[in-house]
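Me: Hey, can you walk me through a bit of this structure? I'm new to this, so keep it simple.

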Amino acid sequence: MNYQINHQTIYNYSELASISQNELFLFPRETEKQKVIQSTLNIFPKPQYTRQRVDYFGNITQVFMVQHPHNELSITASSRVMTLVPETPVIAGTPPWESVVQRLGVHEHPEELDAYQYVFISPQTAITSQIKSYAQLSFPPGMSILAGAVNLTNRIFTEFSYDESATTVDTPVEQVLLNKKGVCQDFAHFAISCLRSLGMAARYVSGYLETAPPPGKPKMVGADASHAWFALFVPGTGWVDLDPTNNIMTGEQHITVAWGRDYTDVTPVKGVVMGGGSHSLSVKVDVSADRQCSLEF
Amino acid sequence: MNPSATQIAPTSLLNSIICPQNAYCETLEKPGMARDHWLQLVTTLGRFSLEELNQYHERAARMRYEDGAAFNPFKDLSEPVTSWTLDMLPLPLPVSEWNIIERGLIQRAGLLEKILADVYGPQELIKSGKIPAEIIYNNPNFLIPCHGIQPAAKRFLTFYAADLYRDVDGCFRVLRDYGANPAGLGYALENRMVVSRTFSEFYHENPVRRLWPFLQAFHQDFIQKVLLNHDDPDIVLLSPGPASPMYFEHALLSRYLNCPLVEGEDLTVRDGEVFLKELSGLKPIQGIFRHLADSQSDPFALRKSTSKGVAGLIQISREQNAAVINPIGSGFIETPALASLLPVLHQHLLNEKMILENHPTWWCKSMDSLNFVLNNLSRLTVMPAMSRSVKLPSDLASAIREAPHAFAAQKTVFPSSVPVWGKQGFRSSYAVMRVFAFASAQGFSVMPGGLAIVADEISHLLGNSFDKQQSKDIWVYSDKPLEHTHEIKDVRIVSNFKRGSDLPSRVADHLLWLGRYLERAEARVRLIRSVFQRMTGEHHLKDIPEIPYLLDMLRAQHIIPKLGENEEEFSHFRELAPHLNQALYHQEQTESIISILNQVQRSARNVRDRLSFETLRVINRLGTFSERSFRDPLELLDDILFALSAFSGLAMESMTRGLGWRFMDSGRRIERAILLTDLIYMGVLKNKETAHSNLEVLLEMSSSIMTYRSRYKATFQFAPVLDLLLIDESNPKSLAFQCSQLADHVEHLPKKNELRFSSPEEKICLEMLTSVRLLDLTSLKQGYSVIENIRLTDFIQSITSKMKMLAKEINIHYLTRVPSVPHYSSFPRDRET
């Protein structure tokens, strides 16, 4: 499927901001499941300094600075991405999770060594006995790894309720488990914490999901949102993406932007500003399928 | 104190040194027999009496205190001082032993640099399995944002320090490595200065290797490194600020290396470069000698809410636009587990055997180590494998089994014993040695000396409990005649840097407030002194005509409480006395003398590198008043006045008339003018009827009474008194003098518009100066009428408000620092699906 994605972030400052320094993870990366046709970035006011690079995890990131007084800062990233229908892995055919844990520990192959870095806790994940107990219910001894992960995804989807008011960006996963409430980011962090608590490799994926409008209504521009899920390393299969917010394996409608150990590695827009007083933030995301033109690419 | 620590009588020094069991004795080969390289020292010291040695000890302590090394960072300023206090007795090492240390350290630093270059680059070591991957993947000392950066100075490790100890078997072993911001070099240099002065004769007669050539080479090489990229580099020393326990050495090093001492707030990032915020604008910086922890260095990239670092510094490093020494992320080499890998890595990377052994360390990652540690848990010291700062779980054994790679263990350390001076004689203490190396184009070189850190208990040696540690100067004896070198105290490095007259806004701000607090302290002392002077007899307060004026002033300065509605005025001194005592000593009262003196000290600490050593000594003295007891408060007040005058005198004599001096002096002038207008208003304008009786005390408090007496030799009259205090520009205490000085200062501050009187500050000063010069007091000679009273009141009030306005304008124009606010995009909320 071909998608046109527009992601606009606008900061309004109560007082003049003198300098603003920002880091972005907004350009979708190329993966086996998607091709990136074009990405563009528009920043207003025009920054005096911009650099783009590929980060430690292979993501595309930019830093920029606006160095003159400004009241408003608007960042718009537009991308055209072609996603493929991923092959659905044979769930039952994946190895028992313990053997995966053992292989990761030995990490004989380069991809296992690379995956091994996603076994450890990171700033926004945690390993506690409560989290481990929760995870163990999905991973009884000998359980095939992907079957366990699908089960975990399903339990999170069923037992946790989606509640935007329950958490903030900094809510620890222990709290998420306690309240069983949160948003996609919390569910992803919690699932990652569960898998890592047993020694499996799981990473955080930041991206978008195309959503369908309510039946009979036109789709509203800007009504979409960033999305987040997690990916699990399965030897022989590679990374398998699972979306606990929607209880699915990711499909054609999931667009990957970046991945890392957790949200802190791939925060879409992060900045520091001098002055500016208090600020208000508005984010508009628009993911539209481009069904006519799909053959051109 | 450790029970094994032993008292030693000084007279029979040699015979009385008793070393504890289980420790190599640095001093004695066997009881009663000194090691060769101690012989001279022991013999020399043995000639002195207890009393003489105590004198030496006190002299050394005093020198260090007065140099400012003894500011206590941990407690209140008024608390006694204890950080890394100096023990006067050096720790000598023979050349044969030093050579091993030197070669070992060079080898180790070289290896550690190779490791840094690999983990922040290709990571071949983990790909080939030479080092376990956990050491990168699960290590807070490995900073992901720093990966892929090629240091601008071409070196991954430039400045390196290690803690060594001498084991029971006499071998030196490495206890700990320091890479991010090694501390102690400044203290080592300071110790050398004090000890070489204390034992001047002995030091100069013996071939003790000098530290100065190392510092000079370090300095030259630093410039060279930065020169690779720039012709005319500006280098700064980046410190976390006066709250840091190491601030003293930051100030000291910044002087020796002749680079400004700056804090994170002083620097800003633009266009991929880093700049120093100075009064006249932004100055590009090419080199940063970083004395900040890795995690504090870039709050933006490392997502830390710290105000100490510089947001964007890692990006600057990536762009190679400034040489940061050491590069951010070099704290990786401090990882405890890494040490356990070094013997193998020496073999693998250098194809050499390790010259200096590690302190025995086991990383539980390997099965052998794990089993060994679990079987010997009670005999080993367990620590987190990756960081010393993480707390250990309570059930250690099961935690280790759960995640073996997260733990390391070390053998108990048995450092060597050294004698330390106490008041009654020498006692035995334990020592580790911090030694320093830097990388130049020719490789690493090691400073021939260092800082011996000593403590009575071994456990105090191993933590960061600076207040329980003392330090010693390490003396390395040379087998060759020493090259002639300058003493450190005479060091005047010929600058290779531009020596601008500009200064950081933050420094200007502190200097301005230093000036204001100094003046405020002086005025406060004079006021309270005037009250005390009138209290010596058994007078009823009502009998002293100027008392209401003084009480008014005390109230205006919040020294005594405001009079309630039906409250009666103080009638006896004994009612007033407790308030005055509070005004002197009360710490909590912000306007007490002690509090203001503390403010003086704080401001001075913030600009310590801008003040001369002599000036700092006076400032240090100001801090001791609260500790000393005075029977007579007047004696105390006179002492303080004396110290304050000494400071003013030194400032007049020794400060260059640069911008720093102008800001400090402006602070004084503004404060003095405001206080003077208050004094005049309260004394002669507010209540016209009592005005005449207040003239003498008004002159006294504005310290113009001597001038008045010598000039008029007459009774106190309105016209001449006000003339002297307001209009007489030759009287440094007059309002006109303050105005003309301020006008001169603001004229010389950097500004964009070259036109005179274009800035608001200049306009205000001109207005004030003109109005005071035009003030006509001739009609006062006919008598002090109501009209005169109204005219003068208007004048005084207008000056007061203009002075306050001036202070505000200077602040806005030059000193305002906008706080930086981090904002993170809150996660855009997903819609329910």
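Me: Which residues of α23(B) meet α24(B)?
Reply: Keep in mind that this is a predicted model. On the other side of this contact, in α24(B), sit B:A691, B:N694, B:L698 and B:M701. Their partners in α23(B) are B:L679, B:I680, B:G683 and B:V684.

Me: And by class, how many nonpolar residues does that contact have?
Reply: Let's go through the classes. There are no charged residues in the contact of α23(B) with α24(B), and two are polar. The nonpolar ones number six.

Me: Is α23(B) roughly parallel or antiparallel to α24(B)?
Reply: Start with the numbers: helix α23 (residues 659-685) and helix α24 (residues 691-701), both of chain B, have axes 8 Å apart and pack at an angle of about 160°. Anything over 145 degrees counts as roughly antiparallel. So α23(B) is, relative to α24(B), roughly antiparallel.

Me: Now the sheet with the order β9-β8-β13-β14 in chain B: which strands stand at its edges?
Reply: This open sheet has four strands, and the pairing is parallel. An edge strand here has a single partner strand, so one side is left without a neighbour in the sheet. In chain B, those strands are β9 (261-263) and β14 (323-325).

Me: Which residue in β13(B) stands opposite B:I235?
Reply: Strand β8 (residues 235-239) of chain B pairs with strand β13 (residues 287-290) of chain B over four bridges, in the parallel sense. Opposite B:I235 you'll find B:G287.

Me: At what angle does helix α10 of chain B run to β8(B)?
Reply: Helix α10 covers residues 247-256 and lies across β8 and β9 of chain B. Its angle to β8(B) is about 175°.

Note on methods. Residues numbered from 1 in each chain as written. Chains lettered and ligands numbered in written order. Predicted model: local features only at pLDDT ≥ 70, side-chain atom pairs only at ≥ 80, totals over all residues. Axes fitted to C-alpha atoms, helices over the stretch in contact; angles between N-to-C directions. Helix = DSSP H or I, 4+ residues; strand = E, 2+ residues; numbered from the N terminus. Parallel < 35°, antiparallel > 145°, perpendicular 65-115°, else oblique. Contact = placed C-beta atoms within 7 Å. Nonpolar A, V, L, I, M, F, W, Y, C, P; charged D, E, K, R; others polar. Pairing = 2+ DSSP bridges.
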